[in-house]
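Student: I have a structure open and do not know how to read it. Can we go through some features in turn?

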Amino acid sequence: RELALAKAHGSKLAVVSIDLDRFKEINDLRGLEAGDAALRLIGQSLSQLLREGEFVARAGGDEFATVKRFTEQSDLLDFVARLEGVLFTPINIGDFQTVTGASLGVAVYPEDGDTPERLINNSELALYRAIADVTRATCFYEARMDEASRARHTLAQDLRHAIERKELEL
């Protein structure tokens with residue numbers, strides 16, 4: 001629906017994939033109930049920051065997805081800053097305080113895709129880059145991410161074939 005609105009109004013639409021960085025630690029150190037409480041607190045905080053043309057949902061596990069309709073790049077940057085503000089704010093779970101932190105991947109309609117599937121895929125590629133880069137919490141999609149992903153897939157496929165044909169030696 002938001003994509004159709006963006007198309008109809010000539011605006012842009014950002015899809016932001018979010019992966020909590022230290023969620024597993026909460027589950028491991030404090031148990032699943034604490035993990036569930038953390039997810040509820042983070043979900044509530046994300047919901048409270050929303051404005052017109054913004055949406056957030058839990059995508060599963062420790063992942064969230066957000067959507068932001070906008071016309072000015074500064075509006076998107078403000079949204080990302082608000083998301084980071086929530087995700088890097090300490091939360092209290094009983095007598096335990098923690099900061100989960102997060103990695104965020106951003107893809108924007110129309111330049112990064114014009115279908116929901118393409119935008120989600122590209123935001124996830126950007127997310128993987130953010131997860132791998134410890135110096136940045138947020139990464140924006142770049143076309144070369146697709147090229148790198150295809151190259152890794154091709155290399156993995158070539159290695160599987162080489163193993164099957166016994167072409168590798170020590």
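Tutor: Start with the nonpolar core, and keep in mind that this is a predicted model. In soluble globular proteins, nonpolar side chains tend to be buried together. Here the largest nonpolar core has 29 residues, and I18, L20, L46, F64, L83 and L87 touch the most other members.

Student: Which elements give two or more residues to this core?

Tutor: They are the strands β1 (12-20), β3 (63-70), β4 (91-93) and β6 (102-109), together with the helices α2 (23-30), α3 (32-48) and α4 (73-87). A second, separate core has 13 residues, among them L13, V67, L125 and A130.

Student: What does L20 touch, leaving out residues up to four places away in sequence?

Tutor: L20 touches L39, I42, D62, F64, L87, T100, G101 and A102.

Student: How do I read a helix such as α4 (73-87)?

Tutor: Check its length, then its sides. With 15 residues at 1.5 Å a residue, α4 should span 21 Å, and its end C-alpha atoms are indeed 21 Å apart. As for sides, an α-helix has 3.6 residues a turn, so residues three or four places apart point the same way.

Student: Which residues of α4 are buried?

Tutor: The buried ones are L76, F79, V80, R82, L83, V86 and L87. Because they cover an arc of only 160° around the axis, they lie on the same side of α4. The buried residues of α4 pack against the strands β1, β2 (54-60), β3, β6 and β7 (138-140), and against the helix α3.

Student: What about strands? Is β1 enclosed or open?

Tutor: Of the 9 residues of β1, 8 are buried, so β1 is largely enclosed by the rest of the structure. Now look at the pairing. β1 and β3 are antiparallel and share 8 bridges; V15, for example, has V67 as its bridge partner in β3. β1 is also antiparallel to β6, again with 8 bridges, and A14 is partnered there by V108.

Student: Where is K68, and is it buried or exposed?

Tutor: K68 is in strand β3. Its relative accessible area is 8%, which is under the 20% cut-off, so K68 counts as buried.

Student: What does the side chain of K68 make a polar contact with?

Tutor: The partner is the side chain of E54, at 3.0 Å. Leaving aside neighbours within four places in sequence, K68 is in contact with K12, L13, A14, E52, G53, E54, D75, L76 and F79. Two of these, L76 and F79, are also among the buried residues of α4.

Notes: Residues are numbered from 1 along each chain as its sequence is written. This is a predicted model: local features need pLDDT of at least 70, side-chain atom pairs count only at pLDDT 80 or more; totals for chains, interfaces and linings use all residues. Side-chain values use heavy atoms; hydrogens and water are left out. A nonpolar core is a set of buried Ala, Val, Leu, Ile, Met, Phe, Trp, Tyr and Cys residues joined through side-chain atoms within 4.5 Å. Buried means under 20% relative accessible area, exposed over 50%, partly exposed in between (1.4 Å probe, protein chains only). Helices (H or I, at least four residues) and strands (E, at least two) are DSSP runs, numbered from the N terminus. Contact means heavy atoms within 4.5 Å. The expected span of a helix is 1.5 Å times one less than its number of residues. The arc is that of the directions from the helix axis to the C-beta atoms. A polar contact is a pair of N or O atoms within 3.5 Å; within protein, one must be able to donate a hydrogen and the other to accept it, and residues adjacent in sequence count only if both atoms are side-chain atoms. Two strands pair if DSSP finds at least two bridges between them.
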